[in-house]
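Work through the exercises below with the sequence and the model side by side. Try each task before you read its solution.

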Amino acid sequence: MRDQFTLSRDYLQFSAFVLASHPRQVRDAIERYRDALDADPIAAGAGFIDEDGSLEVRTSLAGFLGTDADDVALTDSTTMGLALLYGGLRLGSGQEVLTSEHDFYATHQALRLRHQRGGVPVRKIRLYDDPAMATPDEIVTRIVRSITPRTRVLALTWVNSDNGVKLPARAIADALRDINARRDLSDHVLLCLDGVHGFAAENITMTDLGCDFFATSTHKWLHGPRGTGLLWGKPEHWPFVAPVIPNFSREGYEGWVGDRDPVAAPAILNTPGGYHSFEQRWAVPAAVRFHETIGRARIAKRITSQATLLKDELDRLPNVRVLTPRDPSISAGVVCCTVEGWAAADAEHELRAVHKVIATETPYAQPHLRFGPTMLTAPEQIGRVVKAVRALR
């Protein structure tokens, strides 16, 4: 499997999930579509011909999510998906959005822009005080206590990229189900997730997760083409999202010609039109096939076991504080820590330059050092990583 990638072996690649390297099958698919577009762009991708390629992409991703293709909108990134969702959600007068202090730039900024455009109230809450000690019960309790009759949207991140906490999405969804049972559909609290650091790292479907909307890219843990992503929604809630960007579909064109609103699945209408990097988008099914050929459960187990081992070993170092919970039920593949006496950026540079270990600095106001074991790393490499961190004195 490792031989399918051209990723440099000069380093221990513990950040390969950030902007993933492509396996051979994905590279070959991109090249095949690129050559076709270069040879005859009109025949290969002009007009509505992309609909056929995109249908295959949506069908492939829907199978991976355990849902229907008509519920999947295609995007270029998680950020685009979140912007389309939070920018397009139809909210009634007085309805508010509840999010957390732990969420990433993309969620916070998409909500800030929505507030600026329409004055939609946005509240932020803390889900835990110490990420390493966070528990599902604490998180669910804080969320439920913060929901008011005005709360329409619960905007959260499934796996926090700053500390590795994996939110108990199913438990949150179950708590919301009890609340929503007493509300009209148009007033349901919608659980909307940035799912990028759980997607393809966890062996889970949308039914398992229980959320109402899910945004992710495919160019991280899936090792899919760069610049590709999706926005999934439950069919009963998609009608509450107004398209922000005109879509390129036959239905959209027919509506325009007929001077009427287009009639199509909402996810199709919420897929931004325009010309995209089609050779990248159409190669997404190759990434899904590669992942499923290896085995989703096998990959998730390998990531979890390595992350657990890394946390256990780092926790033994006197100069390190592990921020990610030890329990895999509330953590995934992201492992974050601080090293005494070291700024995260300096530690990242030292690990790369001196020890040939690639980690990353988390892009937050208080940055941390972050590792991510993937299907491209091996358990025997964990000891070398820990040895390098131990040397940071």
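**Exercise 1.** Decide whether Asp174 is buried, partly exposed or exposed, and find which residue meets its side chain in a salt bridge.

*Solution.* Begin with the relative accessible area of Asp174, which is 25%. Buried means under 20% relative accessible area, exposed means over 50%, and partly exposed lies in between, with a 1.4 Å probe and protein chains only; Asp174 is therefore partly exposed. Next, look for the partner: a salt bridge is a side-chain nitrogen of Lys or Arg within 4 Å of a carboxyl oxygen of Asp or Glu, and the side chain of Asp174 meets that of Arg170 with 3.1 Å from N to O. Arg170 is also partly exposed, because its relative accessible area is 35%. Finally, place the pair: both belong to helix 7 (residues 169–180), and because they are four residues apart they are separated by about one helical turn. Helices (H or I, at least four residues) and strands (E, at least two) are DSSP runs, numbered from the N terminus.

Two remarks on the source apply throughout. The model is predicted, so local features need pLDDT of at least 70 and side-chain atom pairs count only at pLDDT 80 or more, while totals for chains, interfaces and linings use all residues. Residues are numbered from 1 along each chain as its sequence is written, and side-chain values use heavy atoms, with hydrogens and water left out.

**Exercise 2.** Find where the two partners of the salt bridge between Asp312 and Arg326 lie in the chain.

*Solution.* The closest N and O atoms of Asp312 and Arg326 are 2.7 Å apart. This pair links distant parts of the chain, for Asp312 is in helix 13 (residues 296–315), whereas Arg326, 14 residues apart from it, is in the loop between strand 9 (320–322) and strand 10 (335–339). Asp312 is partly exposed at 24% relative accessible area, and Arg326 is partly exposed at 40%.

**Exercise 3.** Which residues are joined with Arg126 into one network by salt bridges that share partners?

*Solution.* The network consists of Glu101, Arg126, Asp129, Glu138 and Arg142. Within this network, the side chains of Arg126 and Asp129 meet at 3.6 Å, N to O. Arg126 counts as partly exposed because its relative accessibility is 35%, whereas Asp129, at 54%, is exposed. The structure holds 16 salt bridges.

**Exercise 4.** Compare where Ala200 and His223 lie, and state the sign of phi for Ala200 and for His223.

*Solution.* Start from the general rule that most residues other than glycine have a negative phi. Ala200 has a positive phi near 75° and lies in the loop between strand 6 (190–194) and helix 8 (206–209). His223, which is not a glycine, has a positive phi of about 60°, and His223 is found in the loop between strand 7 (213–217) and strand 8 (229–233). Ala200 counts as buried because its relative accessibility is 4%, and His223 counts as buried because its value is 1%.
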